[in-house]
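Ready to get to know a new structure by working through it? Grab a pencil, open the viewer and try each task before you read its solution.

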Amino acid sequence: MTTQTIRRRAPHRADHVGSLLRPATVQMARHDHIPAEALTKVEDEAVPGLVKLQKEAGLKVFTDGEVRRQFWHYDFMGMLTGLDMKPAKKSLDFKGEFKTPQIEPHLTGKLDFPADHPMLRHFTFLKDLVRPEDGIAKISIPGPSACHFRVSPDNTEYEPYRDHDLLFHDIAAAYKKAVQAFYDVGCRYLQLDDIFFAYLGDEHQRALRRAMGQDPDKLIQSYAWMLEEAIRDRPADMIIGMHMCRGNFRSQFVAEGGYDAAADAIFNHTSVDVYFMEYDTERAGGLEPLKLLPKGDKRVMAGFITTKTGTLESLDWLKKKFDEASKFVDLDQLGIAPQCGFASTEHGNAVTEDEEKAKLELVVRTAEAIWGEN
């Protein structure tokens, strides 16, 4: 009896991480704290315009711009059973003048993915707007590691989760349910934003983990195990992407350091199909870790284009960057996307809507220039 090899490839060479600047109507509605039902109506009216923006830029991968979220990860996490968002005494540790809202996750009970998780509806609303001939709808959700990395030991109120092995098991189980639930509503391209693999390449972040009694290298292995447990039994026609960066809030960052510590775990110990890797500054380290990508269908969407500023990279410069990358990985296993989203929180980065569109158009032009396709 022979085992058939499942082949999954990134649907397109040109892609993007997902979040887009919030339209003015949504910003105003949130600022005015209108009732939830009214806010949903404003968001529903905004999503078609964001889909149009992506189509006009030439993209064939569509998201809803994460227009319904305050944070890229906290909204999803707070909608899980057993995890609640509560006021915090401090903001997240971003380097810059802007401070994040003071909220943080608490583990309050047994983790689970509820059948009525609101983001399932968020995806189906988007999917209904994307015609098959135009491309594919994608949703991004925080990766499993967020449910551990973002919860401080003091906020683990559910006593059984003092046992990290049990916690990791239950996170993986909840995410396995999430993966299947998104598939059941029609999702064939799911992205997990598992940015903490990149954080754990930062010596300061590693020291903070050690101070908590945690081994950063073992955490990388545990996070890879959780991710693989969540996705390994997915249907054959479901593509899984993962995004890694070092923080993105109003064009500020948290961490710096290369992918060296995590590359083997993410490339060779998970069945992720598409890797969105931040590479817009020296903070991301060198391209050498790409040599650990196994030959085959896996693809890295190299994030040479930044979303943190509106300055437009040149096509010639981007071609040179891909020439450099091809020394470590076959050019056929590369694609292009910006290094992060344009609005990981509702506040957005320090770019204009015109600059955002120009960046997306550049992604498409680069893909066409290098591979003859987008």
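Below are some exercises on this predicted model, each with a worked solution.

**Exercise 1. Find the buried residues of helix H11 and work out how they are arranged around the helix.**

Step 1: Go to residues 315–325, which make up H11. The buried residues here are Leu318, Lys321, Phe322 and Ala325.

Step 2: Look down the helix axis. The buried residues fall within an arc of 95°, so they line one face of H11.

Step 3: Now turn to the face pointing away from that buried side. There you'll meet the exposed residues Asp316, Lys320 and Asp323.

Step 4: What do the buried residues of H11 pack against? Their partners are strand E9 (299–305), strand E10 (334–338) and helix H12 (353–371).

**Exercise 2. Zoom in on alanine 325 and describe its surroundings.**

Step 1: Place it. Alanine 325 sits in helix H11.

Step 2: Decide whether it is buried or exposed. The cut-off for buried is under 20% relative accessible area. Alanine 325 has 1% relative accessibility, so it counts as buried.

Step 3: List what it touches, leaving out residues up to four places away in sequence. That gives Leu287, Leu290, Phe304 and Leu334.

Step 4: Check a pair that is separated along the chain. Alanine 325 and glutamate 288 are 37 residues apart in sequence, and their C-alpha atoms are separated by 8.1 Å.

**Exercise 3. Check the lengths of helices H2 and H12 against what you'd expect at 1.5 Å a residue.**

Step 1: Start with H2. Its 21 residues should span 30 Å, and its end C-alpha atoms are 30 Å apart, so the two values agree.

Step 2: Do the same for H12. With 19 residues, H12 should span 27 Å, and the distance between its end C-alpha atoms is 27 Å, which agrees.

Step 3: See what comes after each helix. H2 is followed by glycine 58, with a positive phi near 100°. After H12 comes glycine 372, whose phi is also positive, near 70°.

Step 4: Ask what packs where. The buried residues of H12 pack against helix H2 (36–56), E9, H11 and E10. Over on H2, the cover of the buried residues includes H1, strand E1 (61–62), helix H4 (118–127) and H12.

**Exercise 4. Work out where histidine 16 sits and what it contacts.**

Step 1: Histidine 16 lies in the segment before H1.

Step 2: Its relative accessible area is 1%, so histidine 16 is buried.

Step 3: Look for a polar partner. The side chain of histidine 16 makes a polar contact of 2.9 Å with the side chain of glutamine 54. Glutamine 54 is itself one of the buried residues of H2.

Step 4: Widen the view, again skipping residues up to four places away in sequence. Among the residues that histidine 16 touches are Leu59, Lys138, Phe276, Pro338 and Leu360. Leu360 is one of the buried residues of H12.

**Exercise 5. Compare the settings of histidine 33 and glutamate 66.**

Step 1: Recall the usual backbone pattern. Most residues other than glycine have a negative phi.

Step 2: Check phi for each residue. Histidine 33 has a positive phi near 55° without being a glycine. Glutamate 66, not a glycine either, has a positive phi of about 55°.

Step 3: Locate them. Histidine 33 is in the loop between H1 and H2, while glutamate 66 is in the loop between E1 and helix H3 (74–78).

Step 4: Is each one buried or exposed? Histidine 33 is exposed, with a relative accessible area of 71%. Glutamate 66 has 4% relative accessibility, so it counts as buried.

**Exercise 6. Find the empty spaces and name residues around them.**

Step 1: How many cavities of 30 Å³ or more turn up in the whole structure? The search finds two.

Step 2: The largest cavity has a volume of about 100 Å³. Of its 13 lining residues, the closest to the centre are Trp72, Asp193, His243, Cys340 and Ser344.

Step 3: Move on to the second largest pocket, with a volume of about 160 Å³. Its lining includes Ala29, Arg30, His33, Leu39 and Glu346.

Step 4: Which helix gives the most to this pocket's lining? H1 does, with three residues.

How values were computed:
Residues are numbered from 1 along each chain as its sequence is written. This is a predicted model: local features need pLDDT of at least 70, side-chain atom pairs count only at pLDDT 80 or more; totals for chains, interfaces and linings use all residues. Side-chain values use heavy atoms; hydrogens and water are left out. Buried means under 20% relative accessible area, exposed over 50%, partly exposed in between (1.4 Å probe, protein chains only). Helices (H or I, at least four residues) and strands (E, at least two) are DSSP runs, numbered from the N terminus. The arc is that of the directions from the helix axis to the C-beta atoms. Contact means heavy atoms within 4.5 Å. The expected span of a helix is 1.5 Å times one less than its number of residues. On a 1 Å grid over the protein atoms alone, a cavity is a set of points where a 1.4 Å probe fits but cannot get out, and a pocket is an open set with protein on both sides within 12 Å along at least five of seven lines; lining residues have an atom within 4 Å of a point. Grid points are joined across faces, edges and corners, and a volume is the space filled by probe spheres set on the points. A polar contact is a pair of N or O atoms within 3.5 Å; within protein, one must be able to donate a hydrogen and the other to accept it, and residues adjacent in sequence count only if both atoms are side-chain atoms.
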